[in-house]
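I opened this notebook to record what I looked up in one structure. The entries are short and follow the order in which I worked.

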Amino acid sequence: MFANLHNLSHHAAWRRQLEMILESTGEGIYGIDLTGRCIFINEAGASMLGYTPDEVLGRPMHYLIHHSHADETLMPVHDCRIYKAFTEGQGVRVDDEVLWRRDGSHFAAEYASYPIRDHGGVVGAVVTFNDITDRKRTETLLREAHDLLERRVRERTADLTAAHDHLRQSNESLRRLSAHLNSVREEERRHIARDIHDDLGAALTALQLETNWLKHRLGDEANLTERLDRMLDIGDQAMQAVRRILNDLRPGVLDHLGLWSALETLLLDFQARNGIACRFVCAETIEHCRLGREAEIALYRIVQEVLTNVARHARARTVVLAAEAEGGNLYLSVADDGCGMCVPVQPTSFGLLGMRERTLALGGRLDIVSAPGEGTRIEVRLPNVLVGVTS
Ligand SMILES: Nc1ncnc2c1ncn2[C@@H]1O[C@H](COP(=O)(O)OP(=O)(O)O)[C@@H](O)[C@H]1O
Ligand SMILES: [Mg+2]
């Protein structure tokens, strides 16, 4: 149809072709003159508005189909953007307004309005329009789904944040409880140690003295002397057992000579009992430094548990305990050359967990450096426990 268009000279033929184009398009198309009256409208456009084309021709289009907004407030003609095409001589595209049907209902419309020019002057406007109800509905549904999703995400995030806070608080409470239980346990141990020392220790000593006295009074009664010697031996053993128990409960050396001597004694005992060579490397700067009761007992218990683990699991030949100062911070490590292990370890084992909790309670951190076949090194770092020490 278009191929021969430029050859057509007859006005009627042009008209026919143009009419065919206008009628065939699915979009509504109409034209208005400078007074806003309809000078043509295609079938599709008229039927979208509920009219026949003849019913629309000559009518003022703004008042017929574009008089009000969707909320039924009036749209004054000087606000009408369709008119802008000829009042301002330039085209507009609009998709946020409605057009009104003959039956008083309206539909969401998209329209474009362009000036019609004749011999250089604007003589009217041509408007193409479409019913975009479905598109708007889809957009609304999409926006609602999006808003819903956003709301759900916000709610979930708030829930998760609350749960996370709750968990953190429980965690902190548990940590405080664990630290409290540790100090209660140590205090209890001190009490028991004092009671055993004062009551049992004194009674055993008195018993030894009495038995000795009896032995000397009985003179030559060979049978009885033998018996009394055996009793004295048993008394000695009991005294040693009491001393050992007391030392386990509360290492006296820790109170009297401080952490470093207590650790040295612990290592010597461990070496003698397990046949594992032990070395203690203590930096000179901190040799005479006391750390406070809480920190000293915690570090002592940590090293005690590390050594128990070495004896129990490591199959090691040597152990090196090192203490260094890093500014005011203390760095303590216990390294063995045993079988090593995979880290991180299961959180179900309480020895390592207890060490970590004790370190955290002092505001420090504990690291386990190990791999199968490569030995194990437990590192403890405590901040600001070495007052006045420079490394
Ligand atoms: N020095 C070590 N060498 C090798 N394995 C170790 C060492 N210390 C700990 N482990 C491993 O870590 C696990 C957890 O230790 P721990 O928490 O003290 O629990 P437990 O000693 O009661 O098994 C041990 O069972 C052992 O497998
Ligand atoms: Mg253990």
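The entries below cover the ligand, the cores and a sheet.

**Entry 1: the model.** I noted before anything else that this is a predicted model.

**Entry 2: around the ligand.** I looked up what lies around ligand 1 and found 16 residues surrounding it. The closest are Asn-309, Ala-314, Ser-349, Gly-351 and Leu-352. I then asked which elements give two or more residues to this shell. They are α10, residues 293-314, and α11, residues 350-361. Helix α10 supplies the largest share of the shell, five residues. By residue type, the shell splits into seven nonpolar, seven polar and two charged residues.

**Entry 3: the largest core.** Nonpolar side chains tend to be buried together in soluble globular proteins, so I looked for nonpolar cores next. The largest one has 35 residues. Those with the most contacts inside this core are Leu-263, Leu-266, Leu-299, Ile-302, Val-303, Val-306 and Val-334. I listed the elements that give two or more residues to this core: α9 (259-274), α10, β7 (318-326), β8 (329-336), α11 and β10 (376-382). The largest share, nine residues, comes from α10. I had already written down α10 as the source of the largest share of the ligand shell.

**Entry 4: one residue of that core.** What does Val-334 touch, leaving out residues up to four places away in sequence? I found Val-303, Val-306, Val-319, Leu-321 and Ile-378.

**Entry 5: another core.** Apart from the largest core lies another, of 23 residues. Ala-46, Met-48, Ala-108 and Val-127 are among them.

**Entry 6: a sheet.** I traced an open sheet of five strands, in the order β2-β1-β5-β4-β3, with antiparallel pairing. Why is one side of β2 and of β3 left without a neighbour in the sheet? Strands β2 (38-41) and β3 (92-100) stand at the edges and each has a single partner strand, so one side of each has no neighbour there. From one strand to the next, the twist averages 30 degrees.

**Entry 7: the two edges.** At one edge, three bridges join β2 to β1, residues 28-33, and the two run antiparallel. Ile-32 stands opposite Cys-38 in β2. For the other edge strand, β3, I found seven bridges to β4, residues 106-118, also antiparallel. Here Val-92 stands opposite Ser-113 in β4.

**Entry 8: the turn.** I checked how β3 and β4 are connected and found that they form a hairpin with five residues between them. In the turn, Gly-104 has a positive phi of about 90 degrees.

Conventions. Residues numbered from 1 in each chain as written. Chains lettered and ligands numbered in written order. Predicted model: local features only at pLDDT ≥ 70, side-chain atom pairs only at ≥ 80, totals over all residues. Near = placed C-beta within 6 Å. Helix = DSSP H or I, 4+ residues; strand = E, 2+ residues; numbered from the N terminus. Nonpolar A, V, L, I, M, F, W, Y, C, P; charged D, E, K, R; others polar. Core = buried A, V, L, I, M, F, W, Y, C linked by C-beta atoms within 7 Å. Buried ≥ 20, exposed ≤ 12 C-beta atoms within 10 Å, placed from the backbone. Contact = placed C-beta atoms within 7 Å. Pairing = 2+ DSSP bridges. Axes fitted to C-alpha atoms, helices over the stretch in contact; angles between N-to-C directions.
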